[in-house]
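Thank you all for coming. I would like to take you through one model this morning, going from the chain as a whole to a few individual side chains.

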Amino acid sequence: MPPQTRRTSFPKVVIDRDTDSEESSSDEDEIDEEDDVVGEEEVTEPKADEEEGEEEQEKSVTKKKTPITISLKKVCKVCKRTGHEAGFKGATYIDCPMKPCFLCKMPGHTTMTCPHRVATEYGVVPAPRRNTHSSLDYVFQRQLRPHIPKKGQLGVWDFCKVYEKTVYSEIHGCILNNMKLNPRNDGTVYTGSSDGTACCVDLETGISLSLMNLNPNGWQGPSTWRMIYGLDINLDKGVVLVADNFGYLYTVDMRSNNVTGKPILIHKKGSKVVGLHCNPLQPDLLLSCGNDHFARIWDMRQLETGSSLVDLPHKRVVNSAYFSPLTGSKILTTSQDNRIRVWDSIFGSLDSPSREIVHSHDFNRHLTAFRAEWDPKDQSESLVVIGRYISENYNGAALHPIDFIDISTGQLVAEIMDPNITTISPVNKLHPRDDILASGSSRSLFIWRPKEKHEIEKPIDERKIVLCGKAEKKAKRKFGDESDCDSDDDGFTTKGKTVKSKQPYLDSTSTSKSKSKSKSKSKSSKKP
C-alpha cells in the first residue's frame with residue numbers, strides 16, 4: 001500500500017485580511033503539489049524513512065502557512081472612512097467630520113458643534129456653490145398631467161373661523177406661486193402661476209380675469225414653457241409687475257388689465273426671477289432677485305436691459321429680496337447659502353452687506369423656499385421671521401422652530417414651536433396690525449398668537465357655596481359684607497352652589513382637519 005501524507009489542521013479566522021493571506025493560499029497550493037511528488041517518489045522506501053519524511057513535511061507546512069484574516073470594520077456612510085459614523089440618531093442628525101458643516105458651510109466642525117447655532121458672526125465667507133441639476137422635466141410632468149387634482153387653488157377664509165372657508169379651484173391649472181392684494185381694494189387679488197398666466201380675482205364672487213398668458217400654444221416642452229414667480233403692484237405707476245422663469249419682466253396696466261410695452265430682460269437669460277418688490281416710499285425703485293445669484297435695484301423711469309442701478313451679488317440662489325416696510329431704506333435678502341444679508345441704507349455704499357447672518361434654510365428640492373420676512377409693526381425695522389430647516393431635539397422630538405431674529409445684532413430673539421407640529425414651516429407671514437403669525441407647514445396652515453395673561457386669584461375648578469334667602473342676609477350681617485351676590489360673573493350657578501372652571505389657552509390654531517385648537521377666556525371668581 002503506498003504511503004499517504006496527512007493534512008494539518010485548517011488555519012483559524014482572525015480579524016484583518018491583508019496581502020499575507022493571499023500569499024499563504026498560493027503557498028498552500030505549492031505545498032500540496034510537493035506532497036503529491038513526494039508521495040510518488042517514496043513508494044519503494046522503507047516504513048521508517050516514510051515516517052521521518054512525514055514529520056519533516058508537517059514541520060515545513062506549519063512554518064509556511066499564515067492565518068487568513070477578514071476585516072469587519074464599520075465605515076461612515078458619507079465618506080466611507082472608519083473611526084466615525086454619520087446619520088440620524090433619534091431626532092438628532094450627526095454630520096460626517098470629514099465634510100464641511102451643513103449649516104455654515106465651513107470645514108473643521110459639524111452642525112452639532114457649529115457656533116452659528118447659538119451666536120452669529122459677520123462677514124463669514126460661504127462655501128462654493130454646489131453643482132445642481134435641473135428638475136424641470138420632472139416638475140412639469142407632475143404638474144401638467146391631467147389626473148393630478150388640486151393644483152392652483154385659491155382659498156379665502158377668516159382665521160378666527162378656520163372651518164368657514166371658500167376655495168376657488170378654477171383660477172389656475174398649476175401651482176399658484178405668488179399673489180398680492182390690491183391696496184386700494186382688498187376684495188381683489190392678483191395672482192401668478194406656473195401655468196404662465198396672471199389673473200385678477202374677485203374674492204367675493206371668485207370670478208377671475210386673465211391678464212396675460214405666456215403659453216398660448218400649450219405645452220411644447222420645458223425649454224419653451226414659461227412660469228410666473230415674481231409679482232408686485234406699483235400703485236404710483238398703476239401697473240402690476242410680473243416676472244417669469246426666463247429672466248423677463250412684464251408690466252400690466254391696472255385700469256385696462258392689458259400688457260403694456262415689451263418684456264425686459266432683468267436677469268440672466270434663462271434664469272428664474274423669483275421676487276419683485278417696489279419701494280414703499282420711493283415707488284420708482286424696484287428690487288428684484290433670481291436664480292442667477294443676484295439681487296438688483298432698478299429705476300422704473302428708465303427700465304431697460306442692463307440698466308440696473310446696483311447689482312448685489314450672492315454665492316447661491318437668492319430666494320427673496322425686500323425693502324424695509326416703513327422707510328424703504330434697508331434691504332433684506334435670503335440666499336440658499338444659509339445666509340440672511342442686510343444692507344442698512346440704500347443711500348450709502350452697497351458694495352458689501354452690512355451684516356451676514358448664518359441661518360439654516362438650505363433645503364433639498366420639492367420644498368417651498370425659505371424667505372426672511374419683515375415685521376411690518378416694528379418701528380425700528382430690525383425684527384424678521386423665518387422658518388428653520390435643520391431640526392432640533394426637544395425631549396426626543398425632532399422639531400423645526402420658527403425663528404425671530406434681530407437683524408441689527410444677528411441674535412435669535414425668540415423661537416416658536418409646537419410638539420404636535422413636526423413638519424417644516426417655510427412660509428411665514430406676520431399680521432400688519434395684530435400680534436398674529438400665519439405659517440404654512442406641509443398641507444396645513446397654522447395661526448400663532450401670544451398667550452394672554454390672566455390674573456388668577458383662585459385655583460382652577462374652584463367651588464364656592466352661595467347662601468340664598470334669610471341665611472344669606474344673616475351671613476352678610478355676621479361678616480360685615482354688604483355687597484350684592486349678583487356681582488359674581490361668569491360662574492355657572494345652581495341652587496346653592498356656583499362652579500367655576502377654567503380652560504387652558506393654546507397658542508396655535510391649525511386649519512388642517514386633524515388638528516384644531518382654540519382659545520377660551522375665563523375670569524376668576526370673586527369672594528363673597
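I will begin with the overall make-up and then turn to rings, charges, cysteines and a few single residues.

Please keep in mind that this is a predicted model, in which local features need pLDDT of at least 70 and side-chain atom pairs count only at pLDDT 80 or more, while totals for chains, interfaces and linings use all residues. Residues are numbered from 1 along each chain as its sequence is written, and side-chain values use heavy atoms, with hydrogens and water left out.

The protein chain holds four helices and 35 strands, where helices (H or I, at least four residues) and strands (E, at least two) are DSSP runs numbered from the N terminus. Of its 528 residues, 42% are buried, and here buried means under 20% relative accessible area, exposed means over 50%, and partly exposed is in between, with a 1.4 Å probe and protein chains only. If we take contacts, meaning heavy atoms within 4.5 Å, between residues at least 6 apart in sequence, then 48% of them join residues at least 24 apart.

The UniProt record, an unreviewed entry, places the feature "repeat: WD" at residues 314-344; UniProt positions are given in the numbering used here, feature names are shortened, and annotations may be inferred rather than shown by experiment. Over residues 314-344 the chain is 52% strand and 0% helix, with the end C-alpha atoms 17 Å apart.

His314 brings us to His293, because His293 and His314 are 21 residues apart in sequence yet 5.0 Å apart in space, C-alpha to C-alpha. His293 itself lies in the loop between β16 (285-290) and β17 (294-299), and at a relative accessible area of 13% His293 is buried. A polar atom of the His293 side chain lies 3.4 Å from the backbone oxygen of Lys315, where a polar contact is a pair of N or O atoms within 3.5 Å; within protein, one must be able to donate a hydrogen and the other to accept it, and residues adjacent in sequence count only if both atoms are side-chain atoms.

Now to the rings. How many aromatic pairs does the structure hold? There are three aromatic pairs, and the rule is that rings of Phe, Tyr and Trp (its six-membered ring) pair if their centres lie within 6.5 Å, with planes under 30 degrees apart counted as stacked, over 60 as edge-to-face and the rest as tilted. In one of these pairs, the ring centres of Phe363 and Phe370 are 6.1 Å apart and the planes stand at 55 degrees, so the pair is tilted. Phe370 also pairs with Tyr389, and this pair is edge-to-face, at 6.5 Å centre to centre and with 80 degrees between the planes. Phe370 lies in the loop between β22 (355-358) and β23 (373-374), and Tyr389 in the loop between β24 (383-387) and β25 (392-394), so the pair ties together parts that are 19 residues apart in sequence. Ring pairs thus link Phe363, Phe370 and Tyr389 into a cluster. Phe363 and Phe370 are both buried, with Phe370 at 0% relative accessibility, and Tyr389, at 17%, counts as buried too.

Two further residues touch this cluster. Asn319 is found in strand β19 (residues 318-323) and is buried, with a relative accessible area of 5%. A polar atom of the Asn319 side chain lies 3.3 Å from the backbone oxygen of Phe370. Leaving aside neighbours within four places in sequence, the residues in contact with Asn319 include Phe363, Ala369, Phe370 and Arg371, as well as Val274 and Cys289. Gly387, in strand β24, is buried with a relative accessible area of 0%, and with neighbours within four places again set aside, Gly387 is in contact with Phe370, among others including His359, Ser360 and Pro401. Gly387 and Gly440 are 53 residues apart in sequence and 9.8 Å apart in space, C-alpha to C-alpha.

Charges over rings come next, and a charge sits over a ring if NZ of Lys or CZ of Arg is within 6 Å of the ring centre and within 35 degrees of the ring normal. Lys165 has its charged end over the ring of Trp157, 5.6 Å from the centre of that ring. Lys272 lies over the face of Tyr229, at 4.4 Å from the ring centre.

Finally, the cysteines. A search of the whole structure finds zero disulfides, a disulfide being a pair of cysteine sulfur atoms within 2.5 Å. For Cys199, the nearest cysteine sulfur is that of Cys200, 8.7 Å away. Cys199 is buried, with a relative accessible area of 4%, and Cys200, at 13% relative accessibility, counts as buried as well.
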